[in-house]
Amino acid sequence: MAVNEKVSEILEKQINEELFSSYFYLAIADYFEDRGLKGFANWYMIQTKEELDHAMAIRRYLLDNDYTPTLEAIAKPTVHFENDLAALKAGLAHEEHVTECIHNCVHVAHSVHDIRTMRMLDWFVQEQGEEETNARDMITDMELFGGDPKGLFGLDREYQARTYKQLTALPL
């Protein structure tokens, strides 16, 4: 059964959002790399890869449901951060934006009674909750410990330990 036209359109937009997110997090990783904070850069490089995985998962879902997505141009992220905390806050604001986009996808799928897509999107809803929590925790850690060079060093080491786990399929 092919995906409903409204659902396919919103999921195509979400693919673009996820690809932009990957690009956006690459810009944040570059900011931290320039600052010499390789752990923070590592964190955002992993975010970059995860967002690409998310785009590919939605693409695969559409393909598996008899719809070939049309890819659109990816906007250039225009970012300039005054400090490390501003970069982290931009990350949280972006995650909140992506959450709204995912919720919109769920709303469209619900409006046309597309249970299969709603079920697929459940994973993304849960993932966004985790992403927002992680972003908030990074902000809290920076506010508590980032003002001290030893504290910033410790946070950077902690984030350097994060490893990438490729999403090979949505766990449905």
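## A nonpolar patch on the surface

Let's start on the outside of this predicted model. Tyr-23, Leu-26 and Ile-74 make a nonpolar surface patch of about 240 Å². One of these, Tyr-23, sits in helix H1, which covers residues 5-35.

Is Tyr-23 buried, exposed or partly exposed? Its relative accessibility is 40%, so it counts as partly exposed, since that label covers values between 20% and 50%.

## A buried charge in helix H1

Helix H1 also holds Glu-18, and here the picture is of a buried residue. Glu-18 has no salt bridge. Which side chain of opposite charge is nearest to Glu-18? That would be Arg-162, and it is 12 Å away.

So what does Glu-18 touch? Leaving aside residues up to four places away in sequence, its contacts are Glu-51, His-54, Ala-55, Ile-58, Val-98, Ile-102 and Phe-124. Another Glu, Glu-51, is on that list.

## Rings that pair up

Now for the aromatic side chains. How many aromatic pairs turn up in the whole structure? The search finds 10. Tyr-31 and Phe-32 form an edge-to-face pair, with 5.0 Å from centre to centre and 70° between the planes. That angle counts as edge-to-face because it is over 60 degrees. Tyr-31 and Phe-32 are both buried.

This pair of residues also belongs to a wider group. Ring pairs link Tyr-31 and Phe-32 into a cluster with Phe-20, Phe-24, Tyr-25, Phe-40, Trp-43, Tyr-44, Phe-81 and Tyr-159.

Notes. Residues numbered from 1 in each chain as written. Predicted model: local features only at pLDDT ≥ 70, side-chain atom pairs only at ≥ 80, totals over all residues. Heavy atoms only, no water. Patch = residues over 30% accessible without salt bridge, like charges linked within 9 Å, V, L, I, M, F, W, Y side chains within 5 Å. Areas by Shrake-Rupley, 256 points an atom, 1.4 Å probe, with all protein chains shown as cover. Salt bridge = Lys/Arg side-chain N within 4 Å of Asp/Glu carboxyl O. Helix = DSSP H or I, 4+ residues; strand = E, 2+ residues; numbered from the N terminus. Buried < 20%, exposed > 50% of the residue type's maximum accessible area, 1.4 Å probe, protein only. Lys, Arg positive; Asp, Glu negative; His and termini not counted. Contact = heavy atoms within 4.5 Å. Phe/Tyr/Trp six-rings, centres within 6.5 Å; stacked < 30°, edge-to-face > 60°.
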